[in-house]
Amino acid sequence: MRLTCSAFPCDCHIQKVFVNPIPSLRVTALNSLPVRGDGEFVLYWMIANRRATSNFALQHAVHWAKELRRPLVVLEALRVGYQWASDRLHRFVIQGMADNQRAFANSGATYWPYVEPEAGQGAGLVERLAASACVVVTDDFPCFFLPRMLKAVAPRLPVKFEAIDSNGVLPLKAAPQVFPTAYAFRRFLQRDLPNHFCDAPLVDPLREARLPPLTSLPEEIHVRWPRANDAQLAASTSSLALLPIDHNVKPAAFDGGYQAAQRALQLFIDRKLARYEARNEPEEEVTSGLAPYLHFGHVSSHDVFARVIAAEDWRPSQISTKVNGSREGWWGMSPAAEGFLDQLITWRELGYNFCSRRADYDQFESLPAWAQATLDEHLTDERPSVYSLPDFEHARTHDELWNAAQRQLVREGTMHNYLRMLWGKKILEWSPTPREALSTMLELNNKYAVDGRNPNSYSGIFWILGRYDRAWGPERPIFGTIRYMSSQNTARKLNVKGYLSKYGPASRSRGLFD
DNA sequence: ATCGGCTCGCGCAA
DNA sequence: TGCGCGAAGCCGAT
């Protein structure tokens, strides 16, 4: 059976033979046990790619179910006991569950959303389901507590257990090493990405799958880990209030879930992409806003990529074969689209590459040697302004542009891309040590940003301290040769007047701390 | 508002 | 050996 590329109307030379088995580079065995042929169902434990479409992990689980002629159970669980669990993160994820419940209805698969009511209550759920399963498939995600969780669960499961990488367009295992700069990674992509970007996941892997229906789940599951009900899935303030999570971090200024992600994507393609070259201007609303959805897997990067391709009426033959690391003229698209793909693919997947290969991705010691050396040399430099974590958190600095950016983060759950760099550079300048600056940035970003705890958040924060960068400009106090930024120059370069008044201390529309 | 100079390591073409 | 290139740098000149 010959099929054309599923991602786009494709004129590439690579002909797909059959698309159902996913690329083997995306499969990692988490144990060495066999599939149990007499199990009752196939289990897909959805922990990162929280969507029913364009999902290699789901596609792989469906493939097992078809091959074994067994029902498919999809478990999407949300724990309360992890660090930074809050109304903001819970609401976003639960809105995604409500969308997934609709998407899996009448799909032939059994969807089981579970919201843990108290820390520890969810323990044993996966093990109990696995005891009845033929095989367990889950998501491969390179950071936060997920790798640790899978490592802890793996030895307790009695059947084959596989993690599937549906993170990006390039399989994580396709890159042979960590890259020191975006430039070096771009060179690698210019050589290797064309071997992979036609291998897109099926948009709807359950379509015509004709899986046998599940007759029942074990009674113990219904009793101890009941399916989230409609009230829980509404994710209202009152239902969130019942959970032992941080209620001071209010819901984000945007909704979570597949539907909201599709709306954001549509809006971006229709109204923003063409003006994307103005992305550094905080008052031009042209950035995609897709990072939170990509983080929780509510949209796939393959889908976003496909929409850009369609909007640009692009064919793979337009790609340049030059391997020069240059941002411009690689794809053969408009400058705006090339700029966006540099974010979506080069920078996004660079961060995933780092986190998947460096267990110390969130440690100061993971910085390049030149950066650690220059920061060390300036460790005892006098700091003209020093703020504590609560000062930063409550936007109590002398710098109104900085305070505005921090208020945007706290109120909305996101911060403008360009200002986030200035935000971090000033935290470095105003902290007693670079290590304390790092810990402040991680705490604030992980707590308030919906897309925190993602490889790209770590890239952004560590870039402040020199990761993926190089020594730049004159040697300065505190910074050494780390790239410096100032609010004065940012205000000179960009239009920030409207931003300052929107997020100024006087605007109380959604204020938490004012 | 926009510009060039500052500065450096790397891969690759020559 | 020289050239082109780089996540968003700064500063002063026009």
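In this predicted model, strand 5 (residues 133-139) and strand 6 lie side by side in the parallel sense, held in register by 5 bridges. Two strands are taken to pair if DSSP finds at least two bridges between them. Thr138 has its bridge partner in strand 6 at Ala163. Between strand 5 and strand 6 the chain passes through helix 4 (residues 146-153), and this β-α-β crossover is right-handed, a term used when, with the strands pointing away from the viewer, the path from the first strand over the helix to the second runs clockwise. Helices (H or I, at least four residues) and strands (E, at least two) are DSSP runs, numbered from the N terminus.

Residues are numbered from 1 along each chain as its sequence is written, while chains are lettered from A and ligands numbered from 1 in the order in which they are written. Local features need pLDDT of at least 70 and side-chain atom pairs count only at pLDDT 80 or more, whereas totals for chains, interfaces and linings use all residues, and side-chain values use heavy atoms, with hydrogens and water left out.

**Strands and their pairing**

Strand 6 spans residues 160-164, and 4 of its 5 residues are buried, that is, under 20% relative accessible area with a 1.4 Å probe on protein chains only (exposed means over 50%, partly exposed in between). Strand 6 also pairs with strand 1 (residues 27-29), here in the antiparallel sense and through 3 bridges; Thr28 has Ala163 as its bridge partner in strand 6.

Strand 3 (residues 72-78) is mostly covered as well, with 7 of its 7 residues buried. In a regular strand the side chains alternate between the two faces of the sheet. In strand 3, Leu72, Val74, Glu76 and Leu78 point one way, Val73, Leu75 and Ala77 point the other way, and all are buried. Strand 2 runs parallel to strand 3 and is joined to it by 5 bridges, with Tyr44 opposite Val74 of strand 3. The chain reaches strand 3 from strand 2 by way of helix 1, and this β-α-β crossover is right-handed. Strand 4 (residues 110-115) also runs parallel to strand 3, over 6 bridges, and Val74 stands opposite Tyr111 of strand 4. With helix 2 (residues 87-104) between them, strand 3 and strand 4 make a right-handed β-α-β unit.

**Selected buried residues**

| Residue | Place | Relative accessible area |
|---|---|---|
| Asn55 | loop between strand 2 (41-46) and helix 1 (56-68) | 0% |
| Lys426 | helix 16 (residues 417-429) | 4% |
| Trp112 | strand 4 | 6% |
| Ser107 | loop between helix 2 and strand 4 | 17% |

Contacts below mean heavy atoms within 4.5 Å. A polar contact is a pair of N or O atoms within 3.5 Å, where within protein one must be able to donate a hydrogen and the other to accept it, and residues adjacent in sequence count only if both atoms are side-chain atoms.

Leaving aside residues up to four places away in sequence, Asn55 touches Tyr44, Met46, Asn49, Asp139, Ser166, Pro201 and Leu202. A polar atom of the Asn55 side chain lies 3.2 Å from the backbone oxygen of Arg51.

Trp112, in strand 4, has contacts beyond four places in sequence that include Val74, Leu75 and Glu76, as well as Leu217, Ile221, His222 and Trp225. Its C-alpha atom is separated by 8.2 Å from that of Gln101, 11 residues away along the chain. In the loop between helix 2 and strand 4, a polar atom of the side chain of Ser107 lies 3.0 Å from the backbone nitrogen of Ala109.

The side chain of Lys426 makes a polar contact of 2.6 Å with the side chain of Glu429. Apart from residues up to four places away in sequence, Lys426 touches Trp402, Tyr484, Met485, Ser486 and Ser487. Lys426 and Phe197 are 229 residues apart in sequence, and their C-alpha atoms are 39 Å apart in space.

**The second largest pocket**

A pocket is sought on a 1 Å grid over the protein atoms alone, as an open set of points where a 1.4 Å probe fits, with protein on both sides within 12 Å along at least five of seven lines; lining residues have an atom within 4 Å of a point. The second largest pocket has a volume of about 830 Å³, the space filled by probe spheres set on the points, which are joined across faces, edges and corners. The second largest pocket is lined by 34 residues, of which Pro142, Cys143, Phe144, Pro147 and Tyr361 are the closest to its centre. Helix 4, helix 12 (335-357) and helix 17 (434-448) are the elements that give two or more residues to this lining.
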